[in-house]
Amino acid sequence: MKFKTALRILSILIVLAIAWGLRARALAMLSIDFDEDDYLRAGQEYAHLIRTSNWSGFLEANYRPEHPPLAKIVIGVSLLSAPEKQLTPDRPTTAEPNQYLPRDLVRPARTTNAALGWLTVALLTLINPLAGLALATHAMTIKYVSQIMLESLPALTSFLMVLTYLQFKKNHKTGWLVASAIFLGLTAASKYLYCIIGIAILVDWFLAAKEDEKIQPFFKQAIFWGILGIVIFFAANPYLWPDPLTRLRESVFYHAGYSTSAEEVQRSNFPFWQQFNWLVFSVSFWSPDVFPFTVDFLIVLFAVFGVSNLWKKERLYVLWLGLALLFLMFWPTKWPQYLMILMVPLALSSAEGMTRAWQGIASAFTNWQKNKIVYKKKETRQAVAWLVPGLIAFSVLTLLPFLFQLGVSITDFNSSSIRDGFQGGIWREVFGGLTGQIEATSPEYPFRSNEVHYTGFSGYRSIFDFITINGVFVFNILWMIFSTGLQVILGLGLALLLNQRGVKFSKFWQALFILPWAIPEFIGALLWLNIFVPEIGWLSLAAQKYGETFPLNFLIGWEDSPNRTLLVLLIPAIWYGFPLIMLAASAGLKMIPKEVFEAASMDGANSLQMLRHMTLPLLMPVLLPAIIIRGIYAFNQFYLFQAFPFNYQTLASLSYNLFNPSSGFGFAGGQFSVSAIINIITVIILIGLVSLFNREMQVREEFRNA
Amino acid sequence: MRKISISRQILTQGVFLLVGLFILIPIWSTVRLAFDGSLRGRPTTFTWLPKEFSLEAFLNVLDRPYQSVEFSILLRNSMVVSIGAAVLALLLGVSLAYAFARFRFPGQTAGLFILLLAALLPPIAFATPLYIILSILKIRATLIGLVIVYAAFAMPFGIWNMRAAFQAIPKEVEEAAYLDGASHFQSFLWISLPISLPSIAVTAMIAFLMGYTEFAIGWLFVDKAANVTLSMAVYALVNGQFSGAQPWSYLGSLAIIMSIPVIIIFIIFQETLMERLLFQETS
């Protein structure tokens with residue numbers, strides 16, 4: 001026991017040291033970013049007021065008044081130790097970052113923010129050292145807490161608000177409730193965005209009250225909590241005192257206006273899922289050399305697998321994460337620093353994911369050791385005769401090409417070096433490189449050298465950064481989810497409708513509905529292309545003619561909007577994909593014995609209840625493998641994206657276009673090794689998806705045999 | 001279960017009508033395009049019906065749809081490539097499928113996983129290395145090259161499905177043959193193969209369709225007009241219509257001609273095809 005405690009303390013100390021080391025490095029090395037000049041100027045104003053003891057000045061000072069002053073006042077306090085300098089010039093929000101800020105002011109301001117960010121890590125580490133480690137190493141977080149931004153303070157106070165609330169939930173002591181309300185007020189006085197966490201608290205609180213059937217006291221306490229929070233907010237916000245309502249209104253409405261009309265927001269034209277792109281974004285792209293390593297992607301990956309365990313442990317964190325993501329999807333402004341509102345639950349979820357992965361590996365290993373199957377020697381010998389011819393063919397056509405691909409991926413092989421490659425250059429470089437005779441050259445894209453060079457595995461990192469930074473990766477995953485999800489909704493819905501008793505013409509409708517499936521996929525894509533091409537397609541022309549006011553107007557200029565492009569691409573994908581799900585669901589429905597429903601309807605169950613509690617649970621084991629296969633097809637979708645050359649790519653079409661020596665659409669073609677790396681990344685992702693399919697097939701077999 | 005009420009019947013039919021419209025929109029749009037004789041380049045106005053009904057586009061694409069290559073040559077290339085690929089894939093794969101279905105041997109589970117993974121990989125993941133290997137062998141741009149590539153796509157899927165077909169045959173049927181002194185090969189040839197032939201035929205059909213409808217990899221490999229297949233020609237028409245070289249009606253008519261046989265196959269074999277394409281075990 002003692003040893004465990006010591007280990008825990010040691011790991012906490014290590015995490016804290018890592019957290020500070022990375023933040024100290026970042027605050028010294030990061031170049032000046034957007035907005036830092038503004039908040040520095042605000043801080044300078046407050047520092048001047050404090051120096052001259054001009055306390056009434058606080059009533060009027062609030063540079064960039066759309067944000068409440070508390071975080072800016074903290075910056076001001078941190079500047080007191082620095083010499084007083086001329087005020088940073090006032091510039092429009094569209095201006096490029098001002099690189100000439102005085103370093104002796106930037107440094108204390110950044111250090112204060114980084115210290116607050118470090119305190120958040122420290123709190124989290126006390127709860128869960130692994131989560132602390134995730135937050136400590138998350139590069140996007142390091143960046144935004146180590147610059148003169150307004151994120152560190154509200155991130156800390158909002159976390160404190162949640163922690164004190166959780167204490168209150170446990171022991172119902174009013175002291176904790178008061179503390180939570182105080183932190184709510186301080187959070188609101190630092191940055192409005194973080195108040196979304198307060199909403200997550202209210203949801204959790206309400207759910208807890210409902211479970212305990214204590215709705216009445218909940219309302220009283222919640223109102224007390226809210227009012228106290230507002231009081232603190234006003235107390236910490238001297239700028240509001242002279243004219244509360246007007247100034248509050250101005251600052252709140254600024255954000256609504258900014259998000260819909262500001263030039264920089266319009267110009268960036270981000271898709272609604274942009275925050276997911278920021279989540280897997282490699283910050284080293286902006287600031288090379290600042291971060292010794294970036295593991296943001298891994299943190300997110302583990303977080304995806306940890307959510308369910310986190311829900312079991314503490315629902316509030318998942319609510320926090322979910323509400324924040326939902327809000328960020330709908331909020332039109334998509335700056336990456338907004339992610340700071342959800343870093344704490346993300347880190348916690350990631351820690352759960354890591355634990356789960358570790359347990360999974362451990363149990364798989366013990367299972368493997370336990371269940372070693374004993375094979376009969378005779379049977380194996382008989383099998384060999386059958387295996388050999390097929391294995392030769394399979395190796396030549398499938399395995400060998402794959403190994404070749406692995407080899408190409410660690411070189412810079414491209415269409416210019418094709419001659420050298422064919423004459424043994426690939427083998428020479430791969431063999432030489434792996435045996436250490438040839439040194440790796442660092443890759444420079446696009447590859448154009450006419451000799452093959454060994455590049456080592458550094459290409460993987462840069463290509464992975466490439467597909468996460470330009471959004472292909474996230475788009476591909478979201479595409480799989482949206483397209484499969486919508487296919488399932490339509491396909492399952494139609495199957496249920498078609499299989500109702502006594503539906504007229506059901507044979508005719510079913511025959512019509514499977515028609516898209518019978519049309520070759522690429523022809524289907526071309527049919528829809530003929531409809532959607534801007535200014536030429538059938539419905540695009542119809543939209544020009546009739547659609548200004550009614551239903552087709554989303555087709556006018558769809559190619560300029562990332563969100564509408566997604567919609568336009570989803571329509572053919574659903575059209576093509578739902579019939580297969582419909583057929584699979586129909587086949588599954590026929591397997592469910594009719595007596596089950598008759599018994600239920602005798603017991604007075606209505607059709608919605610039967611659907612939820614009987615049809616779907618009975619259907620799911622049969623349908624889920626089919627859904628996963630459809631998901632894999634959607635993930636690999638190629639012909640649709642090849643036919644629609646607008647904005648978006650999947651990994652498959654990207655690999656094709658980067659490979660094709662004569663590809664158009666602004667691609668640098670003939671990049672054989674880049675394409676090979678993308679294919680290998682695809683294989684790795686598919687290994688995950690196919691394992692999922694295998695597991696569901698086993699469930700299905702058990703279900704069938706039961 | 002009670003029959004549904006009238007209001008629910010009406011509602012259901014309404015939903016069906018909407019979905020039916022959704023299904024028919026692109027089909028009708030293409031039919032309208034294919035029969036429109038007034039088009040010289042791209043369509044400029046929205047019309048419900050063809051402006052001038054004409055079969056000109058059909059006659060043109062049935063003559064020389066792509067450059068100066070005759071339709072019959074394209075069709076022949078398509079048939080050579082897709083039938084060749086299907087036959088090759090199944091011939092090369094059948095022994096492996098039988099081994100996985102009939103015997104238990106070390107590495108079986110891992111082998112099945114690799115098989116399934118290979119069957120679900122996007123074609124491009126095979127195509128890139130094959131492009132280089134076949135270039136070295138100097139058969140990249142030939143029809144034989146295409147047969148090999150398409151066979152490589154179809155083989156993992158073919159093996160997986162033939163395995164399922166063999167597995168569906170009860171082991172006892174073959175064991176009876178052993179008692180009569182037949183060897184494994186004989187019992188395979190005279191018992192398992194004939195019983196599972198219908199199932200294998202469906203697999204062959206899917207392998208055939210893979211080659212018949214593929215165009216992108218084809219365009220990557222082939223650079224001679226004489227080796228172009230039908231679906232490659234359809235895709236070439238897309239570029240032709242964007243550059244204004246051909247009227248938009250050509251694409252529509254060739255797409256319709258190409259799809260009709262596939263639609264017939266799918267309507268006839270829908271249940272079986274559904275099971276195969278979803279990797280379900282044959283029931």
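Analyst: Quick definition before we start: a crossing of two helices is left-handed if the near helix is turned anticlockwise from the far one by less than a right angle, and right-handed if it is turned clockwise. Keep in mind, too, that this is a predicted model.

User: Okay, so is the crossing where α27(A) passes α30(A) left-handed or right-handed?

Analyst: The pair to look at is α27, residues 607-635 of chain A, and α30, residues 672-705 of chain A, with axes 8 Å apart. Going by the turn of the near helix against the far one, the crossing of α27(A) past α30(A) is left-handed.

User: And how do the directions of α27(A) and α30(A) compare: roughly parallel or roughly antiparallel?

Analyst: The two helices pack at an angle of about 165°. Angles over 145 degrees count as roughly antiparallel. That is why α27(A) and α30(A) are called roughly antiparallel.

User: How many nonpolar residues does the contact of α27(A) with α30(A) have?

Analyst: On the α27(A) side, the residues that meet α30(A) include A:P621, A:L624, A:I628 and A:F635. Across from them, α30(A) brings residues including A:L689, A:F693, A:E696 and A:R700. Sorted by class, the contact has 2 charged residues and 1 polar one, while the nonpolar count is 15.

User: Let's hop to chain B. How many helices does chain B have?

Analyst: Reading from the N terminus, every element in the run of chain B is an α. The strand count is 0, and the helix count is 12.

User: What share of the residues of chain B count as buried?

Analyst: The C-alpha atoms of chain B fill a box of roughly 75 × 70 × 30 Å along the principal axes. To count as buried, a residue needs 20 or more other C-beta atoms within 10 Å of its own. Chain B has 283 residues, and the buried share is 46%.

User: Is B:Y178 buried or exposed?

Analyst: B:Y178 sits in helix α7, residues 171-179 of chain B. Its C-alpha atom is 60 Å from that of B:L11, which is 167 residues away along the chain. With 12 C-beta neighbours inside 10 Å, B:Y178 counts as exposed.

User: What do you call the arrangement of α3(B) relative to α10(B)?

Analyst: The axes of α3 (residues 71-102) and α10 (residues 230-242) of chain B come within 7 Å and cross at roughly 125°. Because of that angle, α3(B) relative to α10(B) is oblique.

User: How many charged residues are in the contact of α3(B) with α10(B)?

Analyst: From α3(B) come B:L74, B:L75 and B:S78, and from α10(B) come B:L230, B:S231 and B:A233. Those split into 4 nonpolar and 2 polar, and the number of charged residues is none: there are no charged.

User: Now for where the chains meet. How many nonpolar residues are on the side of chain A that touches chain B?

Analyst: In this meeting, 79 residues of chain A are in contact with 76 residues of chain B. The largest share of the chain A side, 16 residues, comes from helix α17 (residues 377-409). By class, the chain A side has 7 charged and 17 polar residues, with the nonpolar ones numbering 55.

User: How far apart are the end C-alpha atoms of α2(A)?

Analyst: Helix α2(A) covers residues 36-51, so it has 16 residues at 1.5 Å each. The expected span uses one less than the number of residues. The expectation and the model agree, because both come out at 22 Å.

User: How many residues of α2(A) are buried?

Analyst: The cover over the buried residues includes α3 (70-78) and α4 (103-127) of chain A. Among the buried ones are A:Y39, A:L40 and A:Y46. Out of 16 residues in this mostly covered helix, the buried number is 12.

User: Two single residues to finish. Is A:Q337 buried or exposed?

Analyst: A:Q337 lies in the loop between α15 (315-330) and α16 (343-370) of chain A. Leaving aside neighbours within four places in sequence, A:Q337 is in contact with A:Y144, A:M149 and A:E151. Since 21 other C-beta atoms lie within 10 Å, A:Q337 is buried.

User: And which exposure class does A:T565 get?

Analyst: A:T565 is part of helix α25, residues 562-591 of chain A. With 18 C-beta neighbours inside 10 Å, A:T565 counts as partly exposed.

Note on methods: Residues are numbered from 1 along each chain as its sequence is written. Chains are lettered from A and ligands numbered from 1 in the order in which they are written. This is a predicted model: local features need pLDDT of at least 70, side-chain atom pairs count only at pLDDT 80 or more; totals for chains, interfaces and linings use all residues. Helices (H or I, at least four residues) and strands (E, at least two) are DSSP runs, numbered from the N terminus. Two residues are in contact if their C-beta atoms, placed from the backbone, lie within 7 Å. Ala, Val, Leu, Ile, Met, Phe, Trp, Tyr, Cys and Pro count as nonpolar, Asp, Glu, Lys and Arg as charged, and the others, Gly among them, as polar. Axes are lines fitted to C-alpha atoms, for helices over the stretch in contact, and angles run from 0 to 180 degrees between N-to-C directions. Angles under 35 degrees count as roughly parallel, over 145 as roughly antiparallel, 65 to 115 as roughly perpendicular and the rest as oblique.
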